[in-house]
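Here is a short report on two interfaces, one between chains and one between domains. Please keep the structure open while you read.

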There are 4 protein chains.
Amino acid sequence: MTETGVWLIGARGNVATTAITGARAMARGETDTTGLVTGRAPYSKLALPDIEGFVFGGHDVRERSLLETARGLSENGVPKPDVVEEVADDLRAIDDRIETGTAINCGTAVDDLADRESLEDRLAVGEVVDQIRDDYESFGRGHDLDRLVVVNVASTEPPLEDPDRYDTREAVERAIENDDRELPASALYAYAALVDGHPYVNFTPSTGSALGGLEELARERAVPHTGRDAKTGETLVKSALAPMFAGRNLRVKAWEGHNILGNGDGKVLEDDRNKAGKIASKGDVLSSLLPDIGHNRVRIDYTPSLDDWKTAWDYIHFEGFLNTEMKMQFTWEGSDSALAAPLVLDLVRLLAHADEHDESGLQPQLASFFKAPLGVEEHNLSRQFAMLDEYVERHTTEVMSE
Amino acid sequence: MTETGVWLIGARGNVATTAITGARAMARGETDTTGLVTGRAPYSKLALPDIEGFVFGGHDVRERSLLETARGLSENGVPKPDVVEEVADDLRAIDDRIETGTAINCGTAVDDLADRESLEDRLAVGEVVDQIRDDYESFGRGHDLDRLVVVNVASTEPPLEDPDRYDTREAVERAIENDDRELPASALYAYAALVDGHPYVNFTPSTGSALGGLEELARERAVPHTGRDAKTGETLVKSALAPMFAGRNLRVKAWEGHNILGNGDGKVLEDDRNKAGKIASKGDVLSSLLPDIGHNRVRIDYTPSLDDWKTAWDYIHFEGFLNTEMKMQFTWEGSDSALAAPLVLDLVRLLAHADEHDESGLQPQLASFFKAPLGVEEHNLSRQFAMLDEYVERHTTEVMSE
Amino acid sequence: MTETGVWLIGARGNVATTAITGARAMARGETDTTGLVTGRAPYSKLALPDIEGFVFGGHDVRERSLLETARGLSENGVPKPDVVEEVADDLRAIDDRIETGTAINCGTAVDDLADRESLEDRLAVGEVVDQIRDDYESFGRGHDLDRLVVVNVASTEPPLEDPDRYDTREAVERAIENDDRELPASALYAYAALVDGHPYVNFTPSTGSALGGLEELARERAVPHTGRDAKTGETLVKSALAPMFAGRNLRVKAWEGHNILGNGDGKVLEDDRNKAGKIASKGDVLSSLLPDIGHNRVRIDYTPSLDDWKTAWDYIHFEGFLNTEMKMQFTWEGSDSALAAPLVLDLVRLLAHADEHDESGLQPQLASFFKAPLGVEEHNLSRQFAMLDEYVERHTTEVMSE
Amino acid sequence: MTETGVWLIGARGNVATTAITGARAMARGETDTTGLVTGRAPYSKLALPDIEGFVFGGHDVRERSLLETARGLSENGVPKPDVVEEVADDLRAIDDRIETGTAINCGTAVDDLADRESLEDRLAVGEVVDQIRDDYESFGRGHDLDRLVVVNVASTEPPLEDPDRYDTREAVERAIENDDRELPASALYAYAALVDGHPYVNFTPSTGSALGGLEELARERAVPHTGRDAKTGETLVKSALAPMFAGRNLRVKAWEGHNILGNGDGKVLEDDRNKAGKIASKGDVLSSLLPDIGHNRVRIDYTPSLDDWKTAWDYIHFEGFLNTEMKMQFTWEGSDSALAAPLVLDLVRLLAHADEHDESGLQPQLASFFKAPLGVEEHNLSRQFAMLDEYVERHTTEVMSE
């Protein structure tokens with residue numbers, strides 16, 4: 001088996017911390033594969049890199065250590081305190097591999113979180129990119145890695161205005177060269193990964209690799225990338241439930257979704273500009289699955305006491321036969337980190353697999369993981385799983401016939 | 001187009017009344033196809049018989065007229081009072097075509113509903129069957145029908161004990177001949193339909209055509225039949241949601257389902273023996289979709305004031321990554337009749353289509369309609385729809401290439 | 001018995017229309033006293049004016065007739081269509097007694113509803129007041145009334161800035177005289193009522209009689225008045241539930257309330273400025289009952305398909321013994337008009353009673369009816385009812401001993 | 001201050017374990033008074049014995065130690081693991097003071113839990129009583145207590161048939177003497193307490209002191225006692241909410257309550273006979289508060305994975321003005337032990353206070369604590385709190401004037 005590195009942008013955030021803690025807890029036999037999509041049949045039959053062997057590193061703009069974050073999370077129950085202590089040494093070691101990153105154009109809400117001088121404070125954009133490439137490079141070399149997968153799990157950026165201006169590789173590179181200070185951090189990290197052939201996952205609604213210029217770059221460098229905005233809670237349920245209404249020809253007159261959460265992400269989303277991107281990708285799922293939906297609103301509010309427990313109430317007003325009005329409601333109470341973290345590990349495994357098999361560019365088989373899957377129009381969860389089933393079947397048949 | 005007759009067993013019940021009222025309301029331009037699966041693309045492209053042209057008849061053991069039932073239902077909002085009045089003449093005319101039926105082995109709860117002398121009160125089982133066949137036959141002749149589809153929408157029977165004794169056509173026919181008074185009404189109606197080549201739908205959890213002997217008969221007579229227990233509410237949601245938990249490898253520790261309803265069906269289900277069959281098919285869906293489910297209970301209770309509004313609360317306790325316990329709850333408030341009635345019309349259309357195309361025996365493409373689809377193990381709603389998609393694609397391609 | 005007139009500000013709105021329709025339906029024996037607080041013991045023992053004898057009139061800035069509004073409401077189920085038709089002649093007759101009103105400082109959302117030229121469009125403020133007084137006066141004279149109770153059920157105004165400037169009767173009267181165009185409509189209607197001795201009810205969060213100068217006026221003219229913001233749904237539940245948490249010393253860490261509705265009120269509340277007043281009085285109930293509440297937010301959103309059905313989801317995160325975190329959630333689905341309308345009738349009866357017994361000024365015994373009861377700090381629903389119990393006991397004892 | 005002993009019947013159960021753990025955690029400064037009714041104003045002003053000074057002992061029929069039970073509970077989150085370890089020595093010490101008890105007539109479900117030979121297995125009823133009295137006596141002497149309060153927190157017994165046969169003290173004593181083996185354990189414990197002047201609390205729906213003969217005994221011995229069935233969750237909410245519907249004259253057509261829980265109590269309640277008593281006192285609250293309620297059902301089901309987290313769904317179908325049907329639903333997710341335990345401590349304090357002030361017999365001021373308060377018809381939570389307010393006011397005024 002090859003050595004796989006995992007480079008996390010926002011490495012000291014809740015999702016990264018939980019993913020790292022979980023991976024190390026698995027390595028130490030403290031937990032099982034529940035919640036990992038690649039832990040279940042038939043996906044578990046793929047020849048994927050072992051999570052136990054992942055080598056973690058990353059960028060962040062905060063000083064608070066991984067271990068402190070993990071202990072803070074465990075006060076809220078996830079991960080459990082004894083699990084955190086079991087992996088405390090691992091967390092300390094990984095913490096030493098977290099470099100100072102950039103938060104350029106991440107919004108003032110993210111700036112407030114930062115307690116380190118960010119790269120862009122002292123460097124031109126081109127220099128920031130060079131520094132990031134160096135960080136990736138020296139990490140890979142230092143740990144003798146065969147492959148480094150870069151994953152963006154940083155807080156949501158405000159949407160980039162007029163993204164079409166970065167529609168070609170050339171436009172992106174010119175902007176970097178000319179110290180264009182409007183490119184957001186997520187795109188710089190993505191550029192730095194793709195240009196040197198590192199597979200890239202955008203786990204967030206931020207821009208990441210979703211620029212024409214970066215897609216071109218990925219094609220040219222033959223590197224796989226995927227995104228964006230991981231589907232972890234309310235939207236996951238929507239993508240499972242909405243096809244039921246469509247399938248039965250029940251007309252949805254209104255679908256109200258109200259999300260409340262209290263973690264750092266929730267705080268960043270208090271800022272309306274950061275929230276805008278998130279709301280958009282959440283709303284799009286329904287309008288795609290239910291083209292004649294009457295009213296479709298998503299609210300995200302910050303409720304401090306809930307901490308990492310994202311809670312959603314959805315109210316669905318629909319019409320059936322003989323114009324009968326009916327209702328469905330659901331509430332969802334999930335730990336944001338516990339839902340997101342295993343998907344990070346799944347995506348690293350699956351993207352490493354794609355890279356190993358020279359499947360570059362966008363990865364439509366990974367659509368089930370995202371609210372706004374790049375390059376895929378399908379939002380029906382079951383059909384998205386069917387796409388991954390086919391991919392796996394293709395590869396497991398190959399493996400067997402080898 | 002051919003003339004299609006629809007013969008409803010339990011023709012004066014809520015589901016039958018709503019289906020008839022809805023069909024006639026469509027014929028009179030009072031309502032649209034919302035809630036009809038065959039009303040949406042791509043199924044709407046199939047060459048199906050028009051609902052507007054359906055000729056209705058049926059059996060019942062109650063005297064209360066269709067119009068009275070429809071007016072009673074409309075007090076509860078479905079169908080609306082003005083719609084009932086628009087089709088009042090149609091209901092009166094159809095009422096004249098409803099014959100006295102049999103309620104043998106339907107349980108004392110159904111006996112309490114009956115206000116007519118049932119056929120079995122004065123006839124041997126063989127004579128009951130002959131009478132039913134005569135009723136089908138003279139209805140078809142009287143209305144110059146090309147095809148008669150028989151649909152069981154009568155109240156749920158207690159489960160038949162030891163059904164294997166009727167495993168062959170010969171065993172069934174011997175039992176009928178020998179006045180075996182343990183065969184339930186639904187099986188007699190199904191026998192009478194199949195033996196004379198009438199397509200048969202079992203919309204309920206009762207036995208119907210689900211006996212080895214009747215499946216053999218259907219094969220020999222080359223007649224299509226389908227069932228059983230239409231999936232209209234809570235179980236429909238389960239079949240859409242459970243695959244999400246399975247897909248994400250989230251382990252369901254407990255799924256509690258509590259249904260309350262207040263219509264005649266609810267009253268019959270108050271009798272524990274009648275309830276047994278219903279609970280079984282509702283519970284099976286989850287244990288099939290979530291093989292390692294920890295706890296799976298379904299309750300159905302009678303709450304008179306709700307009338308036809310079936311309300312369900314489901315509580316799902318599940319475990320994710322790092323053994324994190326999470327919860328989802330939903331409530332569903334649907335009009336039982338408005339949800340069921342269009343499916344009756346859909347199934348008549350689709351079974352007539354199968355018959356027209358000489359597709360006899362069980363009809364796996366109809367699995368999405370049922371809690372316990374005969375001959376199909378698949379309970380994932382999306383995959384069930386995919387089966388119907390394929391059927392439709394096959395037939396619409398044929399049509400186009402014709 | 002004396003003749004009681006009811007003058008409704010916003011007489012063609014949903015609440016007014018439902019109150020009038022209900023009163024006339026009672027008069028015609030079409031409905032009973034369910035939902036009327038004064039319809040239950042012990043309040044039913046008070047010598048109150050009969051609802052059947054109420055004479056209705058009012059002001060509005062819309063042309064749409066009462067009957068049209070009632071029919072529109074009945075499409076949504078409340079009142080029922082046949083009830084509306086039974087009282088159609090009454091509604092037509094009352095419609096003729098609705099005069100053009102003022103919507104000054106009611107916000108652009110209300111202006112959009114108006115399809116009549118409002119009084120302030122052509123008159124100075126002093127003239128507007130004179131016109132209103134004339135309208136009250138000629139209605140009373142024309143119908144030979146002993147008493148006219150004025151009730152504000154118009155759409156919510158944006159909050160008045162710096163209300164202290166109207167802290168004395170003299171300041172108010174000077175403002176009217178000097179054509180001060182910042183006084184809101186509700187205050188002008190209240191002034192016009194109080195100055196001529198008509199009891200006044202402010203059913204809404206608007207300013208109404210809640211100005212120091214109007215309280216002074218009411219005292220001087222010895223006229224009873226009450227308000228404000230009737231407690232009909234979610235806040236009613238809060239005022240019943242919050243004392244339970246307080247009583248058991250359970251610490252509420254967060255109480256999230258999300259309201260959705262789709263009627264005209266909902267539309268007006270889409271405007272953030274109109275919403276401000278509403279949110280304030282809704283939120284105050286909790287902060288009064290739970291002084292150490294951690295987080296307290298109320299959302300009101302417009303969901304067109306719900307029409308008059310106001311639906312609320314409340315999520316309560318609380319802490320108990322041993323710092324255990326627990327949760328309660330509720331949803332409330334109520335017809336806004338059916339909840340509000342009977343309270344209008346109750347308040348007219350109770351205020352007429354107070355006037356009859358020379359109990360002038362603020363009426364603390366009516367606190368249970370309001371979200372922000374004027375002159376009362378008590379928000380505990382049971383204690384508020386106890387205040388009315390005492391009032392009734394005092395008066396029924398008097399009656400008996402007379 | 002005097003030394004107060006607390007003798008717990010069922011001392012190793014969840015409620016007792018949590019109460020003891022909580023009391024010791026308070027003594028050690030590990031938690032605060034949240035959840036304690038006597039911890040809030042104005043009750044906190046009463047001169048009550050300090051919880052920190054309580055001396056615990058008790059009876060049980062299980063061997064499993066307090067510490068083991070506490071650790072088992074902490075796996076489910078309440079109390080927290082570190083709190084349990086902080087008080088581990090205290091739990092060990094208290095465990096040594098737990099004597100073997102009796103489980104006579106507690107039903108087979110309780111017998112299954114027992115892993116000790118119960119007293120009645122080897123002794124006549126009279127001897128069982130003598131043994132219990134001895135246990136109380138030697139505990140009091142051994143710890144130099146001024147007062148011993150006996151609290152029944154054992155699993156619910158099946159209801160006693162024909163309780164009237166024990167309507168006099170003489171009948172009870174004759175039965176004990178004659179080895180009448182139909183008296184349930186809870187009544188024997190209560191007899192033994194009252195006859196020697198120990199205040200007695202029945203926290204459960206079991207018989208306890210609710211026999212005519214025991215009430216007579218308590219009067220004669222001038223000892224205070226109270227009960228029964230502590231109001232901790234769903235019923236607490238009902239007693240807060242139902243008065244709202246009654247107060248607004250909203251007619252409740254159906255109130256469905258569905259409780260699920262997974263702890264030992266839940267398991268005992270799986271036995272229909274044990275469940276009977278519980279359901280009765282839960283249902284009575286509503287029928288008392290809403291005399292014209294249409295349908296009132298309570299379900300309690302055992303859902304193992306929930307452990308101590310009692311979860312309830314309540315569905316309330318009600319009718320308002322113009323016969324409009326509306327709905328309210330709530331779900332309640334509470335830790336049974338965290339809700340119950342502080343009330344045990346509150347009741348000990350308040351009963352000790354009553355005993356100190358020679359207030360013997362039934363204690364109506366404690367009605368707010370119980371589903372079926374002995375000697376009190378009032379079920380309205382706010383009015384019940386008002387009764388305690390008055391008691392406290394009387395006593396605090398006395399104190400101040402002393």
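Chain A and chain C bury about 2100 Å² between them in this predicted model. Carbon and sulfur atoms account for 53% of that area. On chain A, 24 residues are in contact with 24 residues of chain C.

Six salt bridges cross this interface. One of them pairs the side chains of Arg299(A) and Asp301(C), at 2.7 Å, N to O. Strands E7 (251-261), E8 (296-302), E9 (309-320) and E10 (324-335) of chain A each give two or more residues to the side that touches chain C. By class, that side has seven nonpolar, eight polar and nine charged residues.

Now the interface inside chain A. The domain assignment gives domain 1 (4-230 + 338-394) and domain 2 (234-335). Their C-alpha centres lie 25 Å apart. Here 24 residues of domain 1 are in contact with 28 residues of domain 2. In domain 1, Asn76(A), Lys371(A) and His379(A) lose the most area to domain 2, together 28% of what that side buries.

The rule finds zero salt bridges between the two domains. Helix H5 (108-113) and helix H13 (336-356) of chain A each supply at least two residues of the domain 1 side. H5(A) gives the largest share, four residues. This side of domain 1 has 13 nonpolar, seven polar and four charged residues.

The table sets out buried area and polar contacts.

| Interface | Buried area | Carbon and sulfur share | Residue pairs in polar contact (both at pLDDT 80 or more) |
|---|---|---|---|
| Chain A and chain C | about 2100 Å² | 53% | 13 pairs |
| Domain 1 and domain 2 of chain A | about 2000 Å² | 59% | four pairs |

Key: Residues are numbered from 1 along each chain as its sequence is written. Chains are lettered from A and ligands numbered from 1 in the order in which they are written. This is a predicted model: local features need pLDDT of at least 70, side-chain atom pairs count only at pLDDT 80 or more; totals for chains, interfaces and linings use all residues. Side-chain values use heavy atoms; hydrogens and water are left out. Contact means heavy atoms within 4.5 Å. Buried area is the accessible area (1.4 Å probe) that two parts lose on being put together, summed over both. A salt bridge is a side-chain nitrogen of Lys or Arg within 4 Å of a carboxyl oxygen of Asp or Glu. A polar contact is a pair of N or O atoms within 3.5 Å; within protein, one must be able to donate a hydrogen and the other to accept it, and residues adjacent in sequence count only if both atoms are side-chain atoms. Ala, Val, Leu, Ile, Met, Phe, Trp, Tyr, Cys and Pro count as nonpolar, Asp, Glu, Lys and Arg as charged, and the others, Gly among them, as polar. Domain bounds come from an automatic or database domain assignment.
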